[in-house]
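Thanks for coming. I have one structure to go through today, so let me put it up and start with the strands.

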Amino acid sequence: MCLGIPGRVVEILDGYHDQVALVDVSGERRRVNIGLLEENPARPGDWVIIHMGLAVEKTDADGAAAAMAGLRLLGSGEEP
């Protein structure tokens, strides 16, 4: 099992063959490799799940909120 962090694509960065995006993660912008999403490319405005600097799947706003809630719960040390 891996933990993924949700983020929203802000822009696709030039010079990386459309494989690197600037992604907003809780107000912090990070460079994320989106090359694994080749069959269903990420575009600005899309939500993605990030693991170790790689976008591993696309999601929607509800999926991103659920992922973030799960991460908060894990960080709290409480059981659901």
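Start at Glu11, which stands opposite Leu22 in S2. Please keep in mind that this is a predicted model. The pair belongs to a longer contact: S1 and S2 run antiparallel and are joined by 4 bridges.

Now stay on Leu22 and look to its other partner. Leu22 also stands opposite Arg31, a residue of S3. S2 and S3 are again antiparallel, and here the pairing covers 6 bridges. So S2 has S1 as one partner, through 4 bridges, and S3 as another, through 6.

How are S2 and S3 connected? They form a hairpin, with 2 residues between them. In that turn, Ser26 has a positive phi, about 55 degrees.

Is S2 mostly covered or mostly open? It is mostly covered, with 5 of its 6 residues buried. For the cut-off, buried here means under 20% relative accessible area.

Next, the loop between S1, residues 5–12, and S2, residues 20–25. His17 sits there. His17 counts as exposed because its relative accessibility is 75%, and the threshold for exposed is over 50%. Which residue can we place it against? The C-alpha atoms of His17 and Gly35 are 8.9 Å apart, with the two residues separated by 18 positions along the chain.

On to charges. In general, side chains of opposite charge can pair when their charged atoms come close. How many salt bridges does the structure hold? There is 1. The side chains involved are those of Asp46 and Lys58, at 3.2 Å from N to O. Asp46 is in the loop between S3, residues 28–33, and S4, residues 47–51, while Lys58 is in S5, residues 54–59, so the salt bridge ties together parts that lie 12 residues apart in sequence. As for cover, Lys58 has a relative accessible area of 26%, which makes it partly exposed.

S5 has another residue to point out, namely Val56. At 38% relative accessible area, Val56 is partly exposed as well. Which residues join it on the surface? Val56 forms a nonpolar patch with Leu36 and Leu54, and the three have about 250 Å² of accessible area together.

To recap: S2 pairs with S1 and with S3, and 5 of the 6 residues of S2 are buried. The salt bridge joins Asp46 and Lys58, and the nonpolar patch consists of Leu36, Leu54 and Val56. I'll stop there and take questions.

Conventions. Residues numbered from 1 in each chain as written. Predicted model: local features only at pLDDT ≥ 70, side-chain atom pairs only at ≥ 80, totals over all residues. Heavy atoms only, no water. Salt bridge = Lys/Arg side-chain N within 4 Å of Asp/Glu carboxyl O. Buried < 20%, exposed > 50% of the residue type's maximum accessible area, 1.4 Å probe, protein only. Patch = residues over 30% accessible without salt bridge, like charges linked within 9 Å, V, L, I, M, F, W, Y side chains within 5 Å. Areas by Shrake-Rupley, 256 points an atom, 1.4 Å probe, with all protein chains shown as cover. Pairing = 2+ DSSP bridges.
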